[in-house]
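Trainee: Could you walk me through one part of this model in detail? I'd like a close look at how the pieces meet, taken step by step.

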Number of protein chains: 4
Amino acid sequence: MDIAMIGLGKMGGNMASRLLRGGHGLVVFNRSPEPVRAAEAEGATGATSIEDVVVKLNTPRAVWLMLPAGSITEEVIDQLSGMMSVGDVLIDGGNSNYKDTMRRAATLADKGIYFVDCGTSGGIWGLSEGYSLMVGGRPEAIAIIRPALETLAPAVDQGWAHVGPSGAGHFVKMIHNGIEYGMMQAYAEGFEILRAKREFDLDLHQIAELWRYGSVVRSWLLDLTAAALAEDPELSDLRGWVADSGEGRWTVFEAIDQDVPAPVITLALQMRFVSRQDESYAAKLLAAMRNQFGGHAVKRVE
Amino acid sequence: MDIAMIGLGKMGGNMASRLLRGGHGLVVFNRSPEPVRAAEAEGATGATSIEDVVVKLNTPRAVWLMLPAGSITEEVIDQLSGMMSVGDVLIDGGNSNYKDTMRRAATLADKGIYFVDCGTSGGIWGLSEGYSLMVGGRPEAIAIIRPALETLAPAVDQGWAHVGPSGAGHFVKMIHNGIEYGMMQAYAEGFEILRAKREFDLDLHQIAELWRYGSVVRSWLLDLTAAALAEDPELSDLRGWVADSGEGRWTVFEAIDQDVPAPVITLALQMRFVSRQDESYAAKLLAAMRNQFGGHAVKRVE
Amino acid sequence: MDIAMIGLGKMGGNMASRLLRGGHGLVVFNRSPEPVRAAEAEGATGATSIEDVVVKLNTPRAVWLMLPAGSITEEVIDQLSGMMSVGDVLIDGGNSNYKDTMRRAATLADKGIYFVDCGTSGGIWGLSEGYSLMVGGRPEAIAIIRPALETLAPAVDQGWAHVGPSGAGHFVKMIHNGIEYGMMQAYAEGFEILRAKREFDLDLHQIAELWRYGSVVRSWLLDLTAAALAEDPELSDLRGWVADSGEGRWTVFEAIDQDVPAPVITLALQMRFVSRQDESYAAKLLAAMRNQFGGHAVKRVE
Amino acid sequence: MDIAMIGLGKMGGNMASRLLRGGHGLVVFNRSPEPVRAAEAEGATGATSIEDVVVKLNTPRAVWLMLPAGSITEEVIDQLSGMMSVGDVLIDGGNSNYKDTMRRAATLADKGIYFVDCGTSGGIWGLSEGYSLMVGGRPEAIAIIRPALETLAPAVDQGWAHVGPSGAGHFVKMIHNGIEYGMMQAYAEGFEILRAKREFDLDLHQIAELWRYGSVVRSWLLDLTAAALAEDPELSDLRGWVADSGEGRWTVFEAIDQDVPAPVITLALQMRFVSRQDESYAAKLLAAMRNQFGGHAVKRVE
């Protein structure tokens, strides 16, 4: 099928390549021109603007956005909503908040434009292994873009699904990321305890490799952990500074809004906050309290 | 090689079958006779007592214990230590505490008997997929039992490793289980939030299946989750009562003994305690306090 | 001073009494008439409507709202904003979200009406012991209502303060409640462990009383705990069902928005969710997973 | 009454003073001589050795130990058990593990010596305000030392109690400290969020003072917090490094042994571990995983 990809970053660029390898006709646009050139070299048709993307597609158009969540996505959707036609399909494959998605879908529906949200997982490995795609929106819109979904996914009938109405795709992707935080933290804690047991002098890379086969904790994240530990199990040159994207915190907000306890996912998020604190005021205050009631020694800044 | 298996429960029985299929000569013993009969039908040599096991093996003997952690393991090791000879190898494949293992290994070493601890993961699927084996002990002992390890593991050189001295195998298995608790809780929380979002009417089985391919959270536990959700995504006839074996709590004790924070693993354990409480005295006391300071209504037992 | 109180529930009714005892002239209004009658009996001037409240006060008017957070507060503020005059002071003593407060203050400032937010703590004991008052807004507005604040507080110069601009009062009260959740949960857990130690047959009421004097954990919440345990330390007729007001969850949202770890406050909130769940889907799924991988027995609904 | 105090550190020294002020006859001993001199100056009889303590008391002797938990306590009890007589009372006022206490009580009972465990709270303020005393042991032994308990406590009938058999006193003190950890962490988190809200420029000392009167969160720990914040609310010269004594972790072990969820107390302990980590291997591993799956940037050690 013919489809456009707007946003050729780490995710969008690879997805464009996978679509081209799948034999689709692809129009591409990116704010900076280099990724457009690269995609052209692989057979894509470069566009010089968002308007040019719209011009270069036949109706019903299918335009896939792969942009950072936030204002740029809002802006591009606004622009496209003025250019696209009844029956066109606009897909947001980024990590947008599902509430924004529901609002945008309603606005676009008023103009007869289909809005499909596609939570996309798989990272930089998606190019070779395929992407996990959680799709929300109207069935007739999803029918139109199905050939692209089948190509992007690991297999024609695996790793993608139409999970519900508009917003459901981004909602499911949000929870996916919350689970991911919890799993990552579980591995990280486990390996830290292994490492702390100095008397056994364990080889953490060996253990990660061993667990990859036959164990209950085998997973793709463990495969990656083994890869990360291959060179230097001490991770000596890394700083323990861990970013978080919006979806982890949205998961926590959602759990609270639903009165659902999600203690492990929530703590995994909070441990990332901890990792980014140079110093903890809370800990200072604890030290000060202990000093007050017990005369316990405190450590002073030198 | 020739080897004995003592304890033919869910784990030991399947391991016996896998060893037999691998062409090893196997002597088997179990407290109740039926599993012995079953193993004989597959080609094993049944023994009528622990003494008979020892008699039926040539030296250096290799005896694999697959018993519940605790007093029965202690008792059988005591018995065998009086019957086995210098150079024999006794393997504990169960979930023993690594501190017990270190003590037992020292005692047996005094008699010239090798003691090998083998943390074993894989559950009831190990028969077909192979077991993950975390092996601790002396290299010369492990060399003796290597053919059995290569058969039990998923592949000759995958899923098993000699991770360190006596105790290290059970230590690594213990942490494995701690990680498992954290991962399971992460999935469980995520699926509970998905389910709570009634407006999207999500199909939890569909989502579990979808995530199995290409997503960051794909894992064997997710494969099992998908299987569990296949029949009834509501799990209507299940009670939310979750047991825990010793290894989760030992992981928490170890983390605390090492001054290592392991908040997610610890909470995953505690949520299992919660699942088993009919009522929480803590929650009653919270309700009573709120009533005291704010005059807030409490719910009375009817 | 002359002041009006709108909302004569558990909090507002007691505050009206305390103001009357302090010699202030008080106009009162409540949706249902009984509390108005009661306040009149104590010397208040009853009003028949919000308009009547405004009519019965001289300028600059001071009107104190003691209403449930949410739509009713919004509605009454809207009404009053159309009736009050430049230089009047409207006080919101309820548990409003500080972001709503900031918005309302800006709207009222456009009309020249002062809006003061007063986070109020103390519960039903405030009548006799005085209220803790966390006040946000313009200094000139707070100067006007200072006599009322000095009467409501435990002492003229204790237990109340002007903590910052509009919103700061409700913000500080919000965090106050977050801390309260954490403290309550800490006590609740401790007493549950004491109770679980059946071999010592501890008298929980005795221990709460003992700790009230000289111990590091002495507090007003402990005083209340002792009172709650006086009759029946088993709390036999109470259900462990714990409500939460908005402020606990807002504290968690705020912490996350600020990238501040607040694990204990957050968990205290989540344990209240747990207390209100009849059954946990997460726990069911854990049981189902254990059954899948280990063949572990599950408990079935009978 | 006549009593001896062995161990004149921060706690024991102050307790000696309080006993002397209460008119008791006091024999004192300490490893280093200076505190003995100081107590002599207040009216105590100095002893030159543990044997000398025993010699200087009439029977039935009462000897109070105020020593660090661990080997020194074990050693001194061993020594005294060989010197004391039937009917004498040995009191352990330190933070011993209640299981050690139960064992010691049984051993001493065989010799006819009473062993009383007295969990002691109050810190350096106990001298002036009295100590909270949680007493375990035989009623007849506690009757003997009752005059000393009444003096040490805040009032004759407040702040001390005979809570159960041997071990119960230290058990209750252990849980007391667990609760203390949770409360402290709740305050610490709350104040950190207040501080993070830079737009309100809150005065944390003012807020702590304000909450001391009338609020639900008023407590002795809050009084101390206010004192700690008086000089420098930023705590600029303090490091956020927080020690923990044995009792917090013993509380967690006990909760787990009892299958009781104690998530807040446990996390409070773990946040102290976090405060003492220069760098977190777990966080490094999280950063490494994110880099592996998403190509996310990591921070390198410079």
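**Where the parts meet**

Mentor: Sure. Keep in mind that this is a predicted model. Let's start inside one chain and then move out to the contacts between chains.

In chain A, the C-alpha centres of domain 1 and domain 2 lie 30 Å apart. The domain assignment puts domain 1 of chain A at 2-165 and domain 2 at 174-275. Ten residues of domain 1 of chain A touch eight residues of domain 2 of chain A, and the two domains bury about 720 Å² between them, with 55% of that on carbon and sulfur atoms. On the domain 1 side, A:Asn95, A:Asn97 and A:Tyr98 lose the most area to domain 2 of chain A, together making up 49% of what that side buries. What about charges and hydrogen-bonding atoms? Zero salt bridges turn up across this domain interface, but three residue pairs are in polar contact there. By class, the residues of domain 1 of chain A that touch domain 2 of chain A split into three nonpolar, five polar and two charged.

Now for the contacts between chains, beginning with chain C and chain B. Each of them puts in 60 residues: 60 from chain C and 60 from chain B. Together, chain C and chain B bury about 5500 Å², 67% of it on carbon and sulfur atoms. If you want residues to click on, go to C:Tyr281, C:Phe293 and C:Lys299, which supply 15% of the area that chain C buries against chain B, more than any other three residues.

There are two salt bridges across the interface of chain C and chain B. C:Asp237 makes a salt bridge with B:Arg300, where the closest N and O atoms sit 2.9 Å apart. You'll also find 20 residue pairs in polar contact across the interface of chain C and chain B. As for the secondary structure on the chain C side, helices H8 (168-196), H10 (220-231), H12 (263-276) and H13 (281-294) of chain C each supply at least two of the residues that touch chain B. H13(C) has the largest share of that side, at 14 residues. Sorted by class, the side of chain C that touches chain B has 33 nonpolar, 14 polar and 13 charged residues.

How are these two copies arranged? A turn of 180° with a shift of 0.0 Å along the axis lays chain C on chain B, with an RMSD of 0.0 Å. That is the relation of a two-fold axis. To find the axis on your screen, look for C:Val274: in chain C, its C-alpha is the nearest to the axis, 4.2 Å away. And 100% of the interface residues of chain C are also interface residues in chain B, so the copies meet through the same surface.

Next comes the pairing of chain D with chain C. Here 67 residues of chain D contact 67 residues of chain C. Chain D and chain C bury about 6000 Å² between them, and 74% of it is on carbon and sulfur atoms. In chain D, the residues that lose the most area to chain C are D:Ile193, D:Phe200 and D:Val216, together 12% of what that side buries.

Four salt bridges cross the interface of chain D and chain C. One to look up is the pair C:Glu254 and D:Lys197, whose side chains meet in a salt bridge at 2.9 Å, N to O. Polar contacts across the interface of chain D and chain C come to 20 residue pairs. Quite a list of elements on chain D supplies at least two residues each to the side touching chain C, including strand E7 (132-136), strand E8 (160-164) and helix H9 (204-211). H8(D) gives the most to that side, with 18 residues. By class, the side of chain D that touches chain C has 40 nonpolar, 19 polar and eight charged residues.

As for the geometry of this pair, a rotation of 180° with 0.0 Å of shift along its axis superposes chain D on chain C, with an RMSD of 0.1 Å. Within chain D, D:Ser219 comes closest to the rotation axis, with its C-alpha at 1.9 Å. Again the surfaces match: 100% of the interface residues of chain D are also interface residues in chain C, so the copies meet through the same surface.

Technical notes. Residues are numbered from 1 along each chain as its sequence is written. Chains are lettered from A and ligands numbered from 1 in the order in which they are written. This is a predicted model: local features need pLDDT of at least 70, side-chain atom pairs count only at pLDDT 80 or more; totals for chains, interfaces and linings use all residues. Side-chain values use heavy atoms; hydrogens and water are left out. Domain bounds come from an automatic or database domain assignment. Contact means heavy atoms within 4.5 Å. Buried area is the accessible area (1.4 Å probe) that two parts lose on being put together, summed over both. A polar contact is a pair of N or O atoms within 3.5 Å; within protein, one must be able to donate a hydrogen and the other to accept it, and residues adjacent in sequence count only if both atoms are side-chain atoms. Ala, Val, Leu, Ile, Met, Phe, Trp, Tyr, Cys and Pro count as nonpolar, Asp, Glu, Lys and Arg as charged, and the others, Gly among them, as polar. Helices (H or I, at least four residues) and strands (E, at least two) are DSSP runs, numbered from the N terminus. Copies are superposed by least squares on the C-alpha atoms of residues with pLDDT of at least 70 in both.
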